[in-house]
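Q: Could you take me through one part of this structure up close? I'd like to see what sits there and how the rest of the chain compares.

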Amino acid sequence: DVFSTYVYDGTGSNKTITNGIDLNGKGGLVWLKCRNNSFQDHGLFDTARGVSSKISSAQNTSASSNNNTVFRAFNSDGFEIGSSTQFNSSSLNFISWTFREAPGFFDIVTWTGDTNSTKTLNHNLGSVPGCIMVKNLSLSSTDWMVYHRSRGSTKYIELNNRFDEETSSNAWNDTDP
């Protein structure tokens with residue numbers, strides 16, 4: 001399996017989520033969100049940066065943050081969350097989306113930016129990407145840029161904003177992947 005949606009009730013103590021996805025051996029990303037408190041932020045945790053590195057996707061443009069009590073482990077059959085109330089409060093209900101790295105489905109690529117307007121990034125998909133999400137992790141004031149093949153290289157959306165798609169020839173340098 002390469003994808004799982006898993007709903008869970010918070011316990012307030014360490015919790016193992018068994019969803020059948022091998023994150024420890026294959027790599028991937030877990031996206032967490034509270035279902036009954038709209039003020040709780042989303043949290044993304046990936047194997048490329050490690051268990052203590054969280055990225056927020058909505059309600060703010062925060063860069064990466066580190067916290068060892070939120071997310072504890074990527075397992076061979078799921079993951080473990082910590083006792084933090086952000087994604088494990090005993091009075092709240094949560095959802096997780098797990099994406100395993102796999103050719104033709106999902107890959108995580110990290111790189112250090114530079115001043116070049118053009119960048120070629122290698123990946124392990126073995127196909128042309130259909131959706132690309134980009135987040136600058138060193139600047140908290142930057143938005144998430146999202147490319148989707150149905151929109152083309154002159155359109156983009158910002159994952160952390162509620163705006164319609166934007167048009168700009170600079171967004172993807174007028175170049176499809």
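A: Happy to! Let's begin with L121, which is found in the loop between β9 and β10 (131-134). Keep in mind that this is a predicted model. L121 has a relative accessibility of 32%, so this leucine counts as partly exposed. On the surface, L121 joins V109 and W111 in a nonpolar patch, and together they offer about 230 Å² of accessible area.

From that loop, step back to β9 itself. Strand β9 belongs to an open sheet of 4 strands, with antiparallel pairing and the order β1-β9-β3-β4. The edges are taken by β1 (3-9) and β4 (43-46); each has a single partner strand, so one side of each is left without a neighbour in the sheet. From one strand to the next, the twist averages 20°.

Inside the sheet, β9 (residues 93-100) runs antiparallel to β3 (residues 28-34), and 7 bridges join the two. One position to look for in this pairing is C34, which stands opposite F94 in β9. C34 is buried, because its relative accessibility is 4% and the cut-off for buried is under 20%. Another cysteine, C131, counts as partly exposed at 40% relative accessibility. If you are wondering about cross-links, a search of the whole structure finds 0 disulfides.

Charged contacts are a different story: the search of the whole structure finds 4 salt bridges. One of them pairs E80 with R72, whose closest N and O atoms are 3.1 Å apart. R72 has 41% relative accessibility, so this arginine counts as partly exposed.

Further along the chain, R151, K155 and E165 are linked in a network of salt bridges. In one contact, the side chains of E165 and R151 meet at 2.8 Å, N to O. This pair links distant parts of the chain, 14 residues apart: E165 is in the loop between β12 (155-158) and β13 (166-167), while R151 is in the loop between β11 (145-148) and β12. E165 also forms a salt bridge with K155, with the closest N and O atoms 3.7 Å apart. K155 lies in strand β12 and E165 in the loop between β12 and β13, so this pair ties together parts that are 10 residues apart in sequence.

How open are the members of this network? E165 counts as partly exposed at 31% relative accessibility. R151 is partly exposed too, with a relative accessible area of 49%, and K155 is partly exposed at 24%.

Technical notes: Residues numbered from 1 in each chain as written. Predicted model: local features only at pLDDT ≥ 70, side-chain atom pairs only at ≥ 80, totals over all residues. Heavy atoms only, no water. Pairing = 2+ DSSP bridges. Axes fitted to C-alpha atoms, helices over the stretch in contact; angles between N-to-C directions. Patch = residues over 30% accessible without salt bridge, like charges linked within 9 Å, V, L, I, M, F, W, Y side chains within 5 Å. Areas by Shrake-Rupley, 256 points an atom, 1.4 Å probe, with all protein chains shown as cover. Buried < 20%, exposed > 50% of the residue type's maximum accessible area, 1.4 Å probe, protein only. Disulfide = S-S within 2.5 Å.
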